[in-house]
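Work through the exercises below with the structure open beside you. Try each task before you read its solution.

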Amino acid sequence: MISCMCIAVDVKDSRRLNKEQLRISLINCCNEINAAFERDIIVPFDVRNGDELLGVIDHLAAGYNASQMIEEKLSSENIYLYIGLGIGTLDTIDSTIHTMNGSAVLNAFEARDRFLKKVHPEAKPWLSGEEASTTFFYINGYPYQSLNALHFAICEKKVGRSDKQKEVLTLMESHPEATYEQIGQILGYKSPKSTVSYLLTRAHYQTVLAMENSLIQLLNYLENDCLKEDV
């Protein structure tokens, strides 16, 4: 058995969307995720039943990052999701989304179908409307709500970011060695350093970064100090 994260995604209100366009968007998303996380993927991401996207990744932090990439890519196309993140084990490596089995898979479907789609009382505090994606972590026997609370707090800080703030953040991700001064100069600001600093403060950049690092630490602790005992 292998400790891992299974990601089970279902499209919210998929009947309102063009079926062929949705199929193309989900396949493109799978291809991008499979390429971006090639080293970490155990079961490649694929589409099931026309509006589901499934896959398994062997490191929990990578699984979380993949789920965020899925959400960001499809939300940009006005496709909103129920995202179940199941932490646990996978019985065999040579599986597909149609044959995979193990506690991670069961937990992902529990997270998506029982907690999110059936509006379980434990998921209610973290639910969003139809025009936003919703994520839920689940691992039986461990305090999964700590993960959900931290993820929700991160989303709350990110919501409402302006186009200018997003532009600065995108540039910082693509130019990690660049200074605030250099980022501001690329964007043509008259006062590059102070303007970038102001926009990052308004975007809660440092707070979000600290919370995301805390979430990754917690996932790494689960993987390295808890799940190994279960494998």
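The model is predicted.

**Exercise 1. Place Val119 and describe its backbone.**

Step 1. Find the loop. Val119 sits between helix H3 (103-117) and E5.

Step 2. Check its phi. Val119 is not a glycine, yet its phi is positive, about 50°. Most residues other than glycine have a negative phi.

Step 3. Check its exposure. The relative accessibility of Val119 is 36%, so this residue counts as partly exposed. The partly exposed class runs between 20% and 50%.

**Exercise 2. Do the same for Asn49: which loop holds Asn49, and is Asn49 buried or exposed?**

Step 1. Asn49 lies in the loop between strand E2 (41-48) and strand E3 (52-57).

Step 2. Its phi is near 60°, a positive value in a residue other than glycine.

Step 3. Asn49 has a relative accessible area of 62%, so Asn49 is exposed. The cut-off for exposed is over 50%.

**Exercise 3. Test the length of helix H4 and find its buried side.**

Step 1. Work out the expected span. H4 covers residues 144-158, which is 15 residues. At 1.5 Å a residue, H4 should span 21 Å.

Step 2. Compare with the model. The end C-alpha atoms of H4 are 22 Å apart, which agrees.

Step 3. List the buried residues. In H4 these are Tyr144, Leu147, Asn148, Leu150, His151 and Ile154.

Step 4. Look down the axis. These residues cover an arc of only 165°, so they lie on the same side of H4. An α-helix has 3.6 residues a turn, so residues three or four places apart point the same way.

Step 5. Step past the end. Just after H4 comes Gly160, with a positive phi of about 85°.

**Exercise 4. How many of the 16 residues of H2 are buried?**

Step 1. Check the length. H2 has 16 residues and reaches 22 Å from first C-alpha to last, close to the 22 Å expected.

Step 2. Count the buried residues. There are 12 of the 16, so H2 is largely enclosed by the rest of the structure.

Step 3. Name some. Among them are Leu60, Tyr64, Gln68, Ile70, Glu71, Lys73 and Leu74.

**Exercise 5. Describe the largest pocket, then follow one residue of its lining.**

Step 1. Take its volume. About 1,400 Å³ of space lies in the largest pocket.

Step 2. Find the centre. The lining has 37 residues, and the closest to the pocket centre are Gln68, Glu71, Glu72, Lys158 and Arg161.

Step 3. Sort the lining by element. Helix H2 (60-75), strand E5 (134-138), H4, helix H5 (163-174) and H8 each give two or more residues. H2 gives the most, with seven residues.

Step 4. Pick Gln68, in helix H2. Its relative accessibility is 12%, so Gln68 counts as buried.

Step 5. List its contacts. Leaving aside neighbours within four places in sequence, Gln68 touches His151 and Lys158.

Step 6. Compare sequence with space. Gln68 and Thr135 are 67 residues apart in sequence, and their C-alpha atoms are 9.3 Å apart.

**Exercise 6. Which residues touch the most other members of the largest nonpolar core?**

Step 1. The core has 50 residues, and Ile7, Phe45, Ile70, Ile87, Phe136, Phe137 and Leu219 touch the most other members.

Step 2. Find the main contributor. Helix H8 (residues 205-230) gives the largest share of this core, eight residues.

Step 3. Look for another core. A second, separate one has 14 residues, including Ile42, Ala104, Ala108 and Phe109.

Step 4. Go back to Ile87. Beyond its neighbours within four places in sequence, its contacts include Cys4, Met5, Leu60, Phe137, Leu147, Leu219 and Leu227.

**Exercise 7. Contrast Val168 with Thr207: which is buried, and which is partly exposed?**

Step 1. Val168 lies in helix H5, and Thr207 lies in helix H8.

Step 2. Val168 has 0% relative accessibility, so Val168 counts as buried. Thr207 has 36%, so Thr207 counts as partly exposed.

Step 3. List the contacts of Val168. Leaving aside neighbours within four places in sequence, they are Ile183, Leu187, Tyr189, Val196, Leu199 and Leu200.

Step 4. Add distances. Val168 and Met5 are 163 residues apart along the chain, with C-alpha atoms separated by 31 Å. Thr207 and Arg48 are 159 residues apart in sequence and 37 Å apart in space, C-alpha to C-alpha.

Terms used. Residues are numbered from 1 along each chain as its sequence is written. This is a predicted model: local features need pLDDT of at least 70, side-chain atom pairs count only at pLDDT 80 or more; totals for chains, interfaces and linings use all residues. Side-chain values use heavy atoms; hydrogens and water are left out. Helices (H or I, at least four residues) and strands (E, at least two) are DSSP runs, numbered from the N terminus. The expected span of a helix is 1.5 Å times one less than its number of residues. Buried means under 20% relative accessible area, exposed over 50%, partly exposed in between (1.4 Å probe, protein chains only). The arc is that of the directions from the helix axis to the C-beta atoms. A nonpolar core is a set of buried Ala, Val, Leu, Ile, Met, Phe, Trp, Tyr and Cys residues joined through side-chain atoms within 4.5 Å. Contact means heavy atoms within 4.5 Å. On a 1 Å grid over the protein atoms alone, a cavity is a set of points where a 1.4 Å probe fits but cannot get out, and a pocket is an open set with protein on both sides within 12 Å along at least five of seven lines; lining residues have an atom within 4 Å of a point. Grid points are joined across faces, edges and corners, and a volume is the space filled by probe spheres set on the points.
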